[in-house]
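I opened this notebook to record what I looked up, one topic at a time, going from the whole chain down to single residues.

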Amino acid sequence: MFHYRKHLFYPIHVERQDPVFAKLLLEHYAGRNSEMSSSIQYLNQRSNMTNRYVRDLLGLIAAEELGHMELIAVAIIKLGGPPLNC
């Protein structure tokens, strides 16, 4: 009934593997000031909101940050970085 295609909205093209740059991107993926920490902050703030519109807006922003995480994860894998088992 449903068909899921795993295509990125913005495809990631890599000419050659670069594990050093992949390791640098790993910091942006799950480091101290990363996409993961910002999405968790938005989700946490969303849970404490009483205003429905602001709560929905924070949920949309968190979903956008999770989309950024997906793009960074694909770039890390294509650059030959460590596998992401989160």
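I began with burial in this predicted model, and found that 23% of the 86 residues of the protein chain count as buried. I then looked up the accessible surface, which comes to about 7100 Å² for the protein chain, and noted that 57% of it belongs to carbon and sulfur atoms.

Next I listed the secondary structure, which consists of 3 helices and 0 strands, and I wrote the order of elements from the N terminus as α-α-α. I checked the overall spread after that: the radius of gyration of the protein chain is 15 Å, whereas the globule rule gives 12 Å for 86 residues, so the chain is more spread out than a compact globule. Along the principal axes, I noted that the C-alpha trace spans about 50 × 40 × 20 Å. I also looked at how contacts are distributed along the sequence, and among those between residues at least 6 apart, 66% join residues at least 24 apart.

Which residues make up the largest nonpolar core? I found 10 residues in it, namely Ile12, Ala22, Leu25, Tyr29, Met69, Ile72, Ala73, Ala75, Ile76 and Leu79. Both α1 and α3 supply at least two residues each to this core, and the largest share, 5 residues, comes from α3.

I turned to α3 for that reason of interest and first checked its length: the 27 residues of α3 should span 39 Å at 1.5 Å a residue, and the end C-alpha atoms lie 40 Å apart, which agrees. For its buried residues I wrote down Leu58, Gly59, Ala62, Glu65, Met69, Ile72, Ala73, Ala75 and Ile76, and I noted that the buried residues of α3 pack against α1 and α2. At the start of α3, I found a side-chain oxygen of Asn51 within 3.0 Å of the backbone nitrogen of Tyr53. Just after the helix, Gly80 takes a positive phi of about 90°.

I then went through α2, which covers residues 35-47, and recorded 13 residues with a reach of 19 Å from the first C-alpha to the last, close to the 18 Å expected at 1.5 Å a residue. How is the N-terminal end of α2 capped? I found Ser34 in that role, with a side-chain oxygen 3.4 Å from the backbone nitrogen of Met36. The buried residues I noted in α2 are Glu35, Ser37, Ser38 and Ser39, and the buried residues of this helix pack against α1 (19-30) and α3 (52-78).

I picked out Ser39 for a closer look, since I had placed it in helix α2. Is Ser39 buried or exposed? Its relative accessible area is 2%, and Ser39 is therefore buried, the cut-off being under 20%. Leaving out residues up to four places away in sequence, I found that Ser39 touches Ala62, Glu65, Leu66 and Met69. I also looked up the pair Ser39 and Gly59, which are 20 residues apart in sequence and 9.0 Å apart in space, C-alpha to C-alpha.

For Phe21, which is found in helix α1, I recorded a relative accessibility of 38%, so Phe21 counts as partly exposed. Phe21 and Leu79 are 58 residues apart in sequence, yet I found their C-alpha atoms 7.5 Å apart in space.

My last entry concerns Pro83, which I located in the segment after α3. Pro83 has a relative accessible area of 64%, and because exposed means over 50%, I entered Pro83 as exposed. I closed with the pair Pro83 and Ala73, which are 10 residues apart in sequence and 9.0 Å apart in space, C-alpha to C-alpha.

Note on methods: Residues are numbered from 1 along each chain as its sequence is written. This is a predicted model: local features need pLDDT of at least 70, side-chain atom pairs count only at pLDDT 80 or more; totals for chains, interfaces and linings use all residues. Side-chain values use heavy atoms; hydrogens and water are left out. Helices (H or I, at least four residues) and strands (E, at least two) are DSSP runs, numbered from the N terminus. The expected span of a helix is 1.5 Å times one less than its number of residues. Buried means under 20% relative accessible area, exposed over 50%, partly exposed in between (1.4 Å probe, protein chains only). Contact means heavy atoms within 4.5 Å. A polar contact is a pair of N or O atoms within 3.5 Å; within protein, one must be able to donate a hydrogen and the other to accept it, and residues adjacent in sequence count only if both atoms are side-chain atoms. The radius of gyration is taken over C-alpha atoms; the globule rule is 2.2 Å times the number of residues to the power 0.38. Accessible areas come from the Shrake-Rupley method with a 1.4 Å probe; for residues, only the protein chains shown count as cover. A nonpolar core is a set of buried Ala, Val, Leu, Ile, Met, Phe, Trp, Tyr and Cys residues joined through side-chain atoms within 4.5 Å.
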